Amino acid sequence: MKAVLLDEERFAQGIELTTPEKLGELIRYRGTLQDNSVIIERCQDADIMIVGSLRIEREVIQSLPHLKLIHLTSVGTNQVDIEACDDNGVKVLNSPSFATATVAEHTFMLLLNAMRAGVNYHNKVMDGSWKQKGRAGVIQAEIVDLEGLTLGLIGLGDIGKRVSKIAEAYGMKVLWAERKGRKPRNNDYTDFDTVLAQSDVLSLHCPLTKETKHLIDEEAIAKMARNPVVVNVARGQVVDTQAMAQAIKGGKVSGFATDVFEQEPADESDPIVKLAKQSHPRVILSPHLGAGSRASQVKLWQVLTQQINEFVSQN
């Protein structure tokens, strides 16, 4: 079988991307434009498409008669028209578990930065404020310890459960949120609205689906009784960023730390980016690189290689 890798640039330079043994041919493109005609041209004879950074729409899927598999270099599958794949007999595989450790660690990097106003105080040293005003003169944002706080987790896959263990090591109380509108499945889970009301920190790890788009919206924020810090390492559209920005301005939410945005790459049209540029001490941003460690990328290619070999052997 022939496979086409459309965005090798997702992998750091120097990582060895060995061709899966069962493949007859692997064509690599460092990057590919988000242009259906370009994607179709490059994958015209492909049995397998390997991709992570592009939307794969129905037009593309219907125009590739040889396509049997789309293998994603990501955990999420929301960038692919799954219904079109089903209609055209194309299997979709994601890459599970490769980023569990690194995304969990990135979650706490964002969280600790927000709780301790890390970027804010870094800037106070770099811009000379500390030297000019002294320590007392630059302390404007409270330093908040995690110990004793309640962390609400929304999304309990491998990453969410890893975050849960780390949080317990910090001395946090952890609540696992049941899906919105459902009764808790067992004693490990807590009603969704109760988690919103009782959490000092909310951390989002759920996939983007029709049910989770704008899951954190004005209505959900209104139920947050403790003015929490919210961390998003899920998908940008899980949060209604207009509602979130208004909640931060109004003090209903203390801070927002995110690796993902409703439109990526994000710019100043994003209300959260605007708040960060205004030096809000608890608005912390990173450019969707939570799964980008070298170790996780090596593991990703190992997972992908195994799954493609198994697919080719079975087909």
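Reader: How do H5 and H6 pack, at what angle and how far apart are their axes?
Author: In this predicted model, H5 and helix H6, which covers residues 129–138, pack at an angle of about 140°, and their axes are 8 Å apart.

Reader: OK, so what does that make them to each other, oblique or roughly antiparallel?
Author: Oblique, because roughly antiparallel needs an angle over 145 degrees, and the angle here is about 140°.

Reader: Which residues meet there?
Author: From H5 you have Tyr121, Lys124 and Val125. They meet Ser129, Trp130 and Val138 in H6.

Reader: Let's back up a bit. What's in the loop between H4 and H5?
Author: Ala117 lies in that loop, with H5 covering 118–126. Its phi is near 50°, which is a positive value in a residue other than glycine.

Reader: Is Ala117 buried or exposed?
Author: Ala117 counts as buried, because its relative accessibility is 0%.

Reader: Where else does a residue other than glycine have a positive phi?
Author: Asn227 is one of them, with phi near 50°. Asn227 sits in the loop between helix H9 (218–222) and S10. With 32% relative accessibility, Asn227 counts as partly exposed.

Reader: Now H4 itself. What span should H4 have, and what do its ends give?
Author: H4 has 16 residues, 100–115, so at 1.5 Å a residue it should span 22 Å. The C-alpha atoms at its ends are 23 Å apart, which agrees.

Reader: Which of its residues are buried?
Author: Here's the list for H4: Thr100, Thr102, Val103, Ala104, His106, Thr107, Phe108, Leu110, Leu111, Ala114 and Met115.

Reader: And what do those pack against?
Author: Two helices and four strands. The helices are H7 (158–169) and H12 (294–314). The strands are S9 (201–204), S10 (229–232), S11 (255–258) and S12 (283–285).

Reader: Tell me about H4 and H7. What's the angle?
Author: H4 and H7 pack at about 50°, and their axes are 9 Å apart. That makes H4 oblique to H7. Their crossing is right-handed.

Reader: Which residues make that contact?
Author: H4 brings Thr100, Ala101, Val103, Ala104, Thr107 and Phe108. H7 brings Asp158, Ile159, Arg162, Val163, Ile166 and Ala167.

Reader: New topic: the core. Which residues touch the most other members of the largest one?
Author: That would be Ile48, Ile50, Leu111 and Ile308, in a nonpolar core of 43 residues. The elements giving two or more residues to this core are strand S1 (2–5), strand S3 (48–51), H4, S6, H7, S10 and H12.

Reader: What about a second core, which residues does it include?
Author: There is a second, separate core of 29 residues. Among its members are Met224, Val238, Val239 and Val253.

Reader: Why would nonpolar residues gather like that?
Author: In soluble globular proteins, nonpolar side chains tend to be buried together.

Reader: Back to Ile50. What is it in contact with?
Author: Leaving aside neighbours within four places in sequence, Ile50 contacts Ala3, Val4, Leu5, Leu6, Asp7, Leu26, His71, Thr73, Leu304 and Ile308.

Reader: Thr305 is in H12, right? Which residues does it contact?
Author: Thr305 is found in helix H12. Outside its neighbours within four places in sequence, Thr305 is in contact with Thr18, Pro20 and Glu21. Thr305 counts as buried, at 14% relative accessibility.

Reader: And Gly152, where does that lie?
Author: Gly152 is in strand S6, residues 150–154. Gly152 is buried, with a relative accessible area of 0%. Its contacts, leaving aside neighbours within four places in sequence, are Leu175, Val195, Ser199, Val201, Leu202 and Ser203.

Reader: How far is Gly152 from Leu196 in space?
Author: C-alpha to C-alpha, Gly152 and Leu196 are 7.3 Å apart, with their positions 44 residues apart in sequence.

Reader: What about Arg30, where is it and what does it touch?
Author: Arg30 is in the loop between strand S2 (25–28) and helix H1 (36–42). Not counting residues up to four places away in sequence, Arg30 touches Leu6, Asp7, Glu8, Glu9, Phe11 and Gln13. Arg30 counts as partly exposed, at 37% relative accessibility.

Reader: Last one: which peptide bond is cis?
Author: The bond from Glu264 to Pro265 is cis, with omega near -5°. Pro265 lies in the loop between S11 and helix H11 (271–277).

Terms used
Residues are numbered from 1 along each chain as its sequence is written. This is a predicted model: local features need pLDDT of at least 70, side-chain atom pairs count only at pLDDT 80 or more; totals for chains, interfaces and linings use all residues. Side-chain values use heavy atoms; hydrogens and water are left out. The expected span of a helix is 1.5 Å times one less than its number of residues. Buried means under 20% relative accessible area, exposed over 50%, partly exposed in between (1.4 Å probe, protein chains only). Contact means heavy atoms within 4.5 Å. A nonpolar core is a set of buried Ala, Val, Leu, Ile, Met, Phe, Trp, Tyr and Cys residues joined through side-chain atoms within 4.5 Å. Axes are lines fitted to C-alpha atoms, for helices over the stretch in contact, and angles run from 0 to 180 degrees between N-to-C directions. Angles under 35 degrees count as roughly parallel, over 145 as roughly antiparallel, 65 to 115 as roughly perpendicular and the rest as oblique. A crossing is left-handed if the near helix is turned anticlockwise from the far one by less than a right angle, and right-handed if clockwise.
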